[in-house]
Amino acid sequence: MHPTDRLQGETPERLAERFGAALTLPEARRIIAHVVQRGGDSLLGVQQLRTTARKVVEAELPVGQVTVVERRASQEDPFVKFAIALPDGAVVETVRIPLERAGRYVVCVSSQVGCAMGCAFCATGMMGLSRNLEAWEIVEQVRLVATELRASGEGRVHGVVFQGMGEPLHNLDNVLQAIEMISNPCGLAVDARNVTVCTVGIVPGIERLASMRTRIRLGISITSAQTALRRSLVPMEGRYPIAEVVAAAKRFHERSGRLVMFAYALMGGVNTTDAEADALAELLKQMPARLSLIDWNPVAGLPYRPPTAEERDRFHDRLAGMGVPVIRRYSGGKDIGAACGQLATESKRKTRPRHGHPATGMGPDSGGAGPGISSDPE
Ligand code: SF4
């Protein structure tokens with residue numbers, strides 16, 4: 001057993017295969033439903049599970065434990081942000097985002113503690129990568145929100161978006177394993193078509209998704225369509241130029257049939273110029289796509305600002321005038337720091353690690369589309 005393996009990362013099929021004759025598939029299904037759907041913290045309450053089967057699973061795969069160290073609900077809208085402590089003391093952020101249709105929510109999850117991509121406008125990027133999240137740690141973020149929604153009667157999780165801390169295509173094995181569980185009928189039963197993986201543009205990862213003919217949705221954070229500007233904001237532009245990213249996204253679309261979501265965080269005076277709009281229109285005309293514009297959320301110490309209303313409108317109207325299918329997204333939860341990592345950072349300061357080393361940094365994908373890309377119902 002890998003020391004970080006936990007039950008929430010295993011689908012029933014994977015579990016049954018792992019234990020062979022010691023555990024039947026129906027037993028594995030009951031175990032996963034108990035732990036993931038009902039939040040059971042041990043296997044004692046699992047019905048119709050042989051004692052020998054329970055003991056063999058318990059000996060190898062414990063139930064993973066995470067803790068909500070802070071929950072901050074917006075006073076302006078139904079956004080809720082959670083700071084979640086992992087077993088090694090690292091803290092990640094998870095955001096509950098309301099959809100327009102009442103009772104439906106999207107969960108914005110983190111895939112890494114910190115991030116190695118180094119985007120200039122992102123608090124997480126400045127802090128570097130501490131570690132990848134395990135599949136079960138991703139699953140638990142969704143489960144916690146689903147459990148709370150069910151208990152409060154507010155609704156259910158309709159979709160999941162990988163747009164919190166970290167670059168999901170930099171942790172793709174674990175992200176895909178988590179999605180298996182998130183979409184498994186015995187797990188969280190979220191339709192895979194409502195799961196969006198948002199990337200800054202890791203071409204091999206996009207190609208891998210394309211080759212899988214997956215049902216999940218792909219989101220691309222553009223930031224700029226002009227090479228020099230993008231390179232100054234997104235270091236990965238040097239390795240994977242945006243034209244190659246869009247070409248890979250096009251292949252993903254052709255093979256999956258899924259519309260690719262492009263997200264664009266508007267930074268006033270930086271990427272809101274007419275020249276930028278023109279370059280963006282030129283770039284996106286190569287493929288069917290939808291573009292979401294969202295205001296960049298301020299991060300203390302960074303030399304950027306959100307756009308003015310005039311900048312936002314002009315940029316939008318210019319794109320729309322060139323036939324780009326563009327929408328403006330509401331950047332909700334501003335009063336709870338929905339996109340700048342404040343909650344996790346504050347919570348981390350307050351929370352002592354129980355063991356292991358503390359995370360070196362955190363913060364959600366403040367430079368991506370923000371939660372806005374996820375609030376787009378299928
Ligand atoms: S914007 Fe996203 S990919 Fe870039 S550093 Fe931040 S978390 Fe990483």
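Helices are runs of at least four residues that DSSP assigns as H or I, numbered from the N terminus. In this predicted model, helix α8 is one such run, and R230 is found in it. R230 counts as buried because 23 other C-beta atoms lie within 10 Å, where 20 or more are needed. Setting aside neighbours within four places in sequence, R230 is in contact with T223, S224, E237 and I242. The chain also brings R230 and N271 to a C-alpha to C-alpha distance of 9.0 Å, although 41 residues separate them in sequence.

One of these contacts of R230, T223, deserves a look of its own. T223 sits in the loop between β9 and α8 (227-233). Its phi angle is near 75°, a positive value in a residue other than glycine. T223 is buried, with 30 other C-beta atoms within 10 Å. A second residue with positive phi is Q48, where the angle is near 50° and the residue is again not glycine. Q48 belongs to the loop between α2 (25-37) and α3 (51-60). Is Q48 buried or exposed? With 9 other C-beta atoms within 10 Å, Q48 is exposed; the limit for that label is 12 or fewer.

Stepping back to the whole chain, the secondary structure comes to 12 helices and 12 strands. Of the 378 residues in the protein chain, 54% are buried. Among contacts with a separation of 6 or more, 71% link residues that are 24 or more positions apart.

Next comes the sheet. An open sheet is formed by 10 strands in the order β1-β2-β3-β4-β7-β8-β9-β10-β11-β12, with mixed pairing. The edges are held by β1 (67-73) and β12 (326-328); each has a single partner strand, so one side of each is left without a neighbour in the sheet. From one strand to the next, the twist averages 25°. Strands of a sheet pair through backbone hydrogen bonds, and the pairing may be parallel or antiparallel. Strand β2 (residues 80-85) and strand β3 (residues 91-98) give an antiparallel example, joined over 6 bridges. Within this pair, K81 has V95 in β3 as its bridge partner.

Parallel pairing can be followed on both sides of strand β10. Strand β9 (residues 217-221) runs parallel to β10 and is joined to it by 3 bridges; here S221 has A263 in β10 as its bridge partner. Strand β11 (residues 289-295) also runs parallel to β10, and 7 bridges connect the two. In this pairing, Y264 stands opposite L293 in β11. Between β10 and β11 the chain passes through helix α10 (residues 274-284), and this β-α-β crossover is right-handed.

How many residues of strand β10 (residues 260-266) are buried? The count is 7 of the 7 residues, so β10 is largely enclosed by the rest of the structure. In a regular strand, side chains alternate between the two faces of the sheet. Both faces of β10 are covered: V260, F262, Y264 and L266 are buried on one side, and M261, A263 and A265 are buried on the other.

Helix α9 lies across β9 and β10 and runs at about 165° to β9. Another neighbour of α9 is helix α7: the axes of α7 (residues 203-212) and α9 (residues 242-256) come within 8 Å and cross at roughly 10°. The two helices are therefore roughly parallel to each other, a label for angles under 35 degrees. On the α7 side, the contact involves V203, I206, E207, L209 and A210, which meet E244, V245, A248, A249, R251, F252, R255 and S256 in α9. By character, the residues of this contact divide into 8 nonpolar, 1 polar and 4 charged.

A final example of contacts made across the sequence is A135, which is found in helix α5 (residues 135-152). A135 is buried, since 28 other C-beta atoms lie within 10 Å. Not counting residues up to four places away in sequence, A135 touches G9, N174, Q177, A178 and M181. The C-alpha atoms of A135 and E10 are separated by 8.4 Å, while the two residues are 125 residues apart along the chain.

Technical notes:
Residues are numbered from 1 along each chain as its sequence is written. This is a predicted model: local features need pLDDT of at least 70, side-chain atom pairs count only at pLDDT 80 or more; totals for chains, interfaces and linings use all residues. Axes are lines fitted to C-alpha atoms, for helices over the stretch in contact, and angles run from 0 to 180 degrees between N-to-C directions. Angles under 35 degrees count as roughly parallel, over 145 as roughly antiparallel, 65 to 115 as roughly perpendicular and the rest as oblique. Two residues are in contact if their C-beta atoms, placed from the backbone, lie within 7 Å. Ala, Val, Leu, Ile, Met, Phe, Trp, Tyr, Cys and Pro count as nonpolar, Asp, Glu, Lys and Arg as charged, and the others, Gly among them, as polar. Two strands pair if DSSP finds at least two bridges between them. A crossover is right-handed if, with the strands pointing away from the viewer, the path from the first strand over the helix to the second runs clockwise.
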